[in-house]
Amino acid sequence: MKTSHIIPAAIALSLLFSGNAMAGGIAVDNDDAGKLTISSKFFLNATQDKTAANGATTAKSTGLALDRAYLTVKYKINDIWSMKLTADATLNTAATGKKTEVFIKNAFVQANFAPELQFNIGVIGTPWIGYENGLDEHRYIVKAYLDTKKLDGSADAGIGISGKFADGLVGYAATVVNGGGYGDIAATDAVDYNSRIGIYPVEGLTLDFQFRSGYLGTKTFGAAGEKSTLLQAMTTYGATKNYRVGANYIQNKKDVAGVETKTRAIVAWGRAKFANDFGLYGRYENSKVDLSTAAIDEKENRFIVALEYFANKNISMSLAWDQAKTTEAGHIAGATSKESRYGLYTQAKF
């Protein structure tokens with residue numbers, strides 16, 4: 001949902017200059033009204049990008065991009081009820097021209113009834129993408145595979161429940177959402193179902209499974225839409241907070257008027273921190289997309305490597321190299337394309 005730049009700015013200013021003064025500019029405590037917290041996170045990327053098709057350069061750019069800028073306001077009403085609002089500024093790359101747009105990523109009411117049951121209603125986070133980003137910790141360099149390929153959204157309008165059982169051995173999250181993601185929260189002629197269940201048998205080990213089914217906001221009255229069914233499994237391990245490795249298997253089927261598209265992907269990644277202030281990050285993605293009605297077979301390989309510097313608890317910087325190569329076979333015999341990016345990636349937060 002698009003909105004004016006004025007809205008998040010007005011929210012921030014009204015909160016900053018109302019009520020009691022905030023210690024450190026991030027929180028207000030009021031015995032009568034609960035607790036208010038404000039946080040922000042943004043990604044700054046100074047990179048050179050190049051795209052080539054069959055060996056010939058087709059596009060090239062150099063410069064700094066504001067990949068994302070988030071402003072979040074949380075209000076704790078009492079021990080059960082709370083509210084959250086997140087504004088998300090990003091670059092619009094549509095053909096109409098480049099400009100910064102602001103979306104409402106989160107706007108929901110939450111109830112924490114028990115460790116086994118948390119309830120959300122509004123524009124809420126979905127079960128998988130935010131969870132994976134939290135384990136990977138490098139969203140400022142690369143999105144989760146589902147996010148990149150638009151197989152799922154990180155937030156959407158709907159209702160969700162989540163919780164943990166058996167002293168944290170099993171966790172779950174389930175949502176019923178409109179399907180179009182937080183950039184298009186309009187109601188359609190169907191809802192989407194999205195869920196994750198996790199098993200955590202020993203400290204540091206995670207085993208998670210996702211099931212998603214729906215139309216991603218494409219089904220309207222009189223139109224069949226695009227039916228998608230997504231399955232994913234992921235395992236990660238990190239005995240300490242200084243490292244974690246993970247692997248995902250993704251399978252998605254999409255049906256458009258009887259034409260089926262299948263996507264299969266394997267993702268492997270790892271991060272490690274050493275010498276207190278430095279770290280390494282690596283990621284590999286291998287995917288295959290094919291259509292049932294034509295001899296089309298699209299394969300993609302993507303590699304990312306990064307050297308990270310932790311300036312302090314608020315700022316991280318990485319020198320990263322990112323390359324994706326796509327090969328198409330069938331009616332476009334041997335067509336290849338390559339996208340390369342390298343540069344300085346920065347995350348700042350408070």
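**Exercise 1.** In this predicted model, decide whether N276 is buried or exposed.

*Solution.* Start with the number: N276 has a relative accessible area of 63%. Next, bring in the cut-off: exposed means over 50%. So N276 counts as exposed. Now find its place in the chain: N276 sits in the loop between β14 and β15. Finally, check the backbone: phi of N276 is near 70°, a positive value in a residue other than glycine. To put that in context, most residues other than glycine have a negative phi.

**Exercise 2.** Do the same for K150: where is it, and is it buried or exposed?

*Solution.* First the place: K150 is in the loop between α3 and β8 (155–165). Then the surface: its relative accessible area is 65%, so K150 is exposed. Last, the backbone: phi of K150 is near 60°, which is positive although the residue isn't glycine.

**Exercise 3.** Work out which elements build the largest nonpolar core.

*Solution.* Begin with the core itself: it has 23 residues, and I141, Y145, L146, I250 and Y281 have the most contacts inside it. Now go through the elements: α2 (129–136), α3 (145–148), β12, β14 and β16 each supply at least two residues. β14 gives the largest share, three residues. Then zoom in on Y281: leaving aside neighbours within four places in sequence, its contacts include W269, R271 and I304.

**Exercise 4.** Describe the lining of the second largest pocket by class.

*Solution.* Take the total: 16 residues line this pocket. Sort them: four are nonpolar, five polar and seven charged. Then ask who gives the most: β15 does, with three residues.

How values were computed. Residues are numbered from 1 along each chain as its sequence is written. This is a predicted model: local features need pLDDT of at least 70, side-chain atom pairs count only at pLDDT 80 or more; totals for chains, interfaces and linings use all residues. Side-chain values use heavy atoms; hydrogens and water are left out. On a 1 Å grid over the protein atoms alone, a cavity is a set of points where a 1.4 Å probe fits but cannot get out, and a pocket is an open set with protein on both sides within 12 Å along at least five of seven lines; lining residues have an atom within 4 Å of a point. Helices (H or I, at least four residues) and strands (E, at least two) are DSSP runs, numbered from the N terminus. Ala, Val, Leu, Ile, Met, Phe, Trp, Tyr, Cys and Pro count as nonpolar, Asp, Glu, Lys and Arg as charged, and the others, Gly among them, as polar. A nonpolar core is a set of buried Ala, Val, Leu, Ile, Met, Phe, Trp, Tyr and Cys residues joined through side-chain atoms within 4.5 Å. Buried means under 20% relative accessible area, exposed over 50%, partly exposed in between (1.4 Å probe, protein chains only). Contact means heavy atoms within 4.5 Å.
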